[in-house]
Amino acid sequence: MEAYIYDSVRTPRGIGKGNGSLAPVSPVQLLTTLLTALKERNDLDTSLVEDLIVGCVTQVGEQGGNIAKVAAQCSNYGDHLSAVSLNRYCASGLEAINQAAAMIKSGWSELIIAGGVESMSRVPMGIDGSAWLMEPDAAFGHFVPQGISADLIATKYGYSRNDVDGFAVNSQKRAAFAQQNGFFDKSIIPVTDINGLVHLAKDEYIRANTTLEILSKLSPAFEKMGEQLFDQIAIDRYLEIEKINHIHHAGNSSGLVDGASLMLIGSKEVGEKLGLKPRAIIRMGAVLGSEPLIMLEGPIPATTKALRNAKMKASDIDVFEVNEAFAVVPMRVMDHFNIDHSIVNVNGGAIAMGHPLGATGCMILGTALDELERQNKSAALATLCVGGGMGIATIIERI
Amino acid sequence: MNNKHIKYSIDTDGIAIVTWDVADSPVNIMNEVTMAEFFLTVNLAISDDAVKGIIIASAKKDFIVGGDLKWFLNYDKSKEECFDMLMQTNTYLRKMETCGKPVVAAINGLALGGGCEIALACHYRIMSSYPKSYIGLVECSVGLFPGAGGTQRFLRMLGSQKTIEYITKSKKLTAEQALKDGLVDEICSPEDDIVMLAKNWIITKGSSEQPWDNKRFKVPGTPLGVGQTSGVTEFFSVSNAMGYKSTHGNLPHIKNVLSAIYYGAACHIDKGLEIEARYFVDTLFSKETKNIIRASFIFINDAARGKSKPKGYDRVSFKKVGVIGAGMMGAGIAYVNAKAGIDVVLKDVSVSKAENGKGYIKTQEQKKLENGYTTEAKIEALLQKIKASDSDADLTSCDLIIEAVFENEKLKNTITIETEKVIDEAVIYASNTSTIPISQLAKASVRPDKFIGLHFFSPVEKMQLVEVIVGKETSEGTLAAAIDYVTAIGKVPIIVNDGRGFFTSRVFGKFINEGITMLTEGVPPAVIENVAKKIGMPVGPLAISDEINLKLMLAIMSEDPNLTPHEIDLRRTLVTIIETHGRTGKKEGKGFYDYPINEKKSIWKEWSKIYPPQASYDEEEVGRRLLFAMVIDAYKCLDSGVLQEPKDADVGSILGLGFPIHTGGVMSYIDYVGAKEFALYSAKLEAKYGERFKIPESLQERIKSAGTGRVFYEN
């Protein structure tokens, strides 16, 4: 049995602050917007949808409890629809896809909607606490913030400030170009208010006019906290590093934004029953843990694992999406696998458009699918680095 | 009642007064006996229906100054018994809190450690504001943490942030500060009758409920499910990082106290107390904590009190000291003398040079002034005590001379001869040399029995240690007086018999040598430096070499006729580094590190070309080589009589070399590693790296005869 993607939708990404365009919209509303869109544009018999799997990282406040079930209830899909929220940190959205695909491939389910949501303006990152940061057994001598890990990777492999800033400028240009040329239009569902008036119809975080010079003026975001607190922990583990070169800042790291994304995933049979044409097959998914202090190196072994299990090579992949949590993460993946930048994050990434934690994984897989179709190519791989030291990867192929 | 330490009386208003007055002790100290008496007495008051309220007071100048650390060090019971003992104390204090009668602490002076904890378990605290009156939980400073409810009651009174700050920093608060924080409820002046004030409160207000026994109580700033509010998460995260950064995770008591506070924050007080006890037991039974208590509380304290002074000599006091040479060391020595109230003649070749030395002192004091630690008047008075001079005549009235000129034997000899012409026969003449044997310098003296070495460390005002160097002809009386002097200026003396490099310089040299040797073998320099710091040394061997300067190190080596083959190799290496690569040290801006102007130093990039890095390195081995090299040489000092006792090596290494205190010092380190393991690992290092790691026969013997026990101290 195989799992197919029948549709893929996302909201635009709003700036994740109180004055962002999506700040008045709750994460439940973001999800119901997409659920309604999936129903309408596919003329979907919702009674066949069995489960809703939603990745969400900061599961507290209005994202607390089981936000997926609340969205299911508000969606008018019917009381039969069960729902689960999951948290694999930044991989949550892609984890939801992988779990849905596994359920369908195993025959346990026929039709599932999976994806993710995060309103970083309404439910700030980190407000849920975590033993990871606080509890001495877990944190003492172990925990460093992700920005320190990103700077550690840059130091370890010798990426300079100029290297990462250059990557960031490129991400902005690609995103702006893609937006201007409508490359995202296929999937973006505008978010509207109670009257049907638009809150936001396109990604609003992009800064098309960013230059190397503008970025060079930004101060490193993690230098002070590193020197005062966390660098020592990293150096005591990575003893060959004399001093951490702090090069990441708001301009070459992912932005805080609000957004949601969902995919309609089902078996071949259910597609035929619904009269839907599959857009892609979910070939393989992989997840694994990696050294937690350097934390963000997971995409490399996760990609290796997914390719190996799919019996594919990196060169078989036409389009890569590597989440731009920090510029150094996709740069490391490109250098490790010797992949040309021209097929990685073709339409920009989270540096330009933002990283709505729980939603991003599904979102970048959708972006990859759209790009495969636009270029009329075959295979894509999406991968993300994950908090606490994990990596995830998913391979899709067009039919 | 047959009490020895705790007095008990009931007044006509039915108020019981429980007075601490520990027999045969100037202070009230808590141990098994005094605690048992105290709780029996409190129980008596609780069960007596005629008693309406209870006052805990002290008949001494201070309230209660804390627990008996010797008792902790020598604690020989099981973990279960220790836990039960702590829980019994908790039960008694909880009974006092919940007995329904108001209990007041009349804090008339210091209330530290356990003394503070007893006060916290009272319903009301009145504290006298006499200037030396402090309250605080200071156990972390000796490797422990509060074990009688202090962490949990602080937490419930102050919230987690202040609790962690105060406890990990062993902060002592004045009465005013404690009132502001709500740790005490009322302050009074030293003239007030504090017991009367306590009675008044019982009669007029007298509440008998602790805030945490109220059903609606919440730990301030730390609701159930610790960290559910923004800020608390970050705070705990920062506390963990700070605790690690300052200790490299080497001191278990720091992580344990953070744990007791973290886990206890979500519990009812009774469960919180239990958590505290669990982590306290683990801490008390850790070898690191025992090492810290032994080294700091026993050995360093004893040395600071002059316990090593030869018996049978009256205490000598010093009113005026002549310091010759107003450079960094001379000025520093003058500074600490003046601070100890001793008049100083600071002599150099010109008055302006001597004034420069005073200028250094003034600069240091100005920094303190900016931070509010002193006043203009105090600075003026301090500087008044120091007379800048260029004349030997000014030295005639001094009762001690300390020579602190440049390390040049001829110059030192000239000064000895000139100075002895003007000073009294009874005056002790000390040289602050760090390298030249004292017996050799004493040859220039007409009174070699009065000639001694006082090796201060730089910066003098910060470094506590003074090596007292005994020459061949130095008399015991001179030594005794020198010990009196060192303790009078608040420094810690260790007695060292004359020998090249004395003790500290010699042993520290081994650390440096090993660091440079590893660099030449291809261990990456950052690894050498980082491992050194990770195992608890304050600075890496390469950075400190740059501070000392490679040219000076080479000169010292070249003067040593007894270099080992390894040291001869190393001397050649130094010549190459200096002459071929032009690397000499910080002064020239080019050593193992580069020193760019206005930037932080960084390791010179070329080392990886000169000494190509090995494919991998063994972190444990790098660390052990650095420490074992020092430990084995320190033992040789002991073996050859340079030092008299192992504790001198421990004190000298901790205060003089920054040897990690959690190991207990350079001799205790052998037992810290485990004597058998130490011998095995030394043999491995010897096979791999040579003779310098061979441990002397006598140590082999001691290790063998120790069996599974300790080699050096019982506990």
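**Exercise 1.** Which residue is the bridge partner of B:Gly136 in S8(B)? Place the pair in its sheet.

*Solution.* This is a predicted model.
- Step 1. Find the partner. B:Gly136 has B:Lys172 as its bridge partner in S8(B).
- Step 2. Find the strands. Strand S7 of chain B covers residues 134-136. Three bridges link S7 to S8(B), and the pairing is antiparallel.
- Step 3. Widen the view. The sheet is open and has three strands, in the order S5-S7-S8 (chain B). Its pairing is mixed.
- Step 4. Name the edges. Strand S5 (111-112) and strand S8 (172-174) of chain B each pair on one side only.

**Exercise 2.** Work out how strand S15 of chain B is enclosed, and describe its neighbours.

*Solution.*
- Step 1. Count the buried residues. A residue is buried if 20 or more other C-beta atoms lie within 10 Å of its own. Six of the six residues of S15 (residues 451-456) of chain B are buried, so the strand is largely enclosed by the rest of the structure.
- Step 2. Sort the residues by direction. B:Phe451, B:Gly453 and B:His455 point one way from S15(B). B:Ile452, B:Leu454 and B:Phe456 point the other way. All are buried.
- Step 3. Take one neighbour. Strand S14 (residues 428-431) of chain B pairs with S15(B) in the parallel sense, over three bridges. Here B:Ser431 stands opposite B:Gly453.
- Step 4. Take another neighbour. Strand S16 (residues 465-470) of chain B runs antiparallel to S15(B), with four bridges. B:Leu454 has B:Val468 as its bridge partner in S16(B).

**Exercise 3.** Describe the side of chain A that touches chain B.

*Solution.*
- Step 1. Count the residues. In chain A, 24 residues are in contact with 29 residues of chain B.
- Step 2. List helices that take part. H4 (131-134), H5 (136-139) and H9 (223-237) of chain A each supply at least two residues of this side.
- Step 3. Find the largest share. H9(A) gives it, with six residues.
- Step 4. Sort by character. The side of chain A divides into 14 nonpolar, five polar and five charged residues.

**Exercise 4.** Lay out the domains of chain B, then examine an annotated stretch of chain A.

*Solution.*
- Step 1. Read the assignment for chain B. Domain 1 spans 6-285, domain 2 spans 320-500 and domain 3 spans 505-706.
- Step 2. Give a separation. The C-alpha centres of domain 1 and domain 2 of chain B are 45 Å apart.
- Step 3. Turn to chain A. An unreviewed UniProt entry lists residues 4-226 as "domain: Thiolase N-terminal".
- Step 4. Describe that stretch. Residues 4-226 of chain A are 39% helix and 15% strand. The end C-alpha atoms lie 45 Å apart.

Conventions. Residues numbered from 1 in each chain as written. Chains lettered and ligands numbered in written order. Predicted model: local features only at pLDDT ≥ 70, side-chain atom pairs only at ≥ 80, totals over all residues. Domains from an automatic or database assignment. UniProt positions renumbered as here; feature names shortened; annotations may be inferred. Buried ≥ 20, exposed ≤ 12 C-beta atoms within 10 Å, placed from the backbone. Pairing = 2+ DSSP bridges. Contact = placed C-beta atoms within 7 Å. Nonpolar A, V, L, I, M, F, W, Y, C, P; charged D, E, K, R; others polar.
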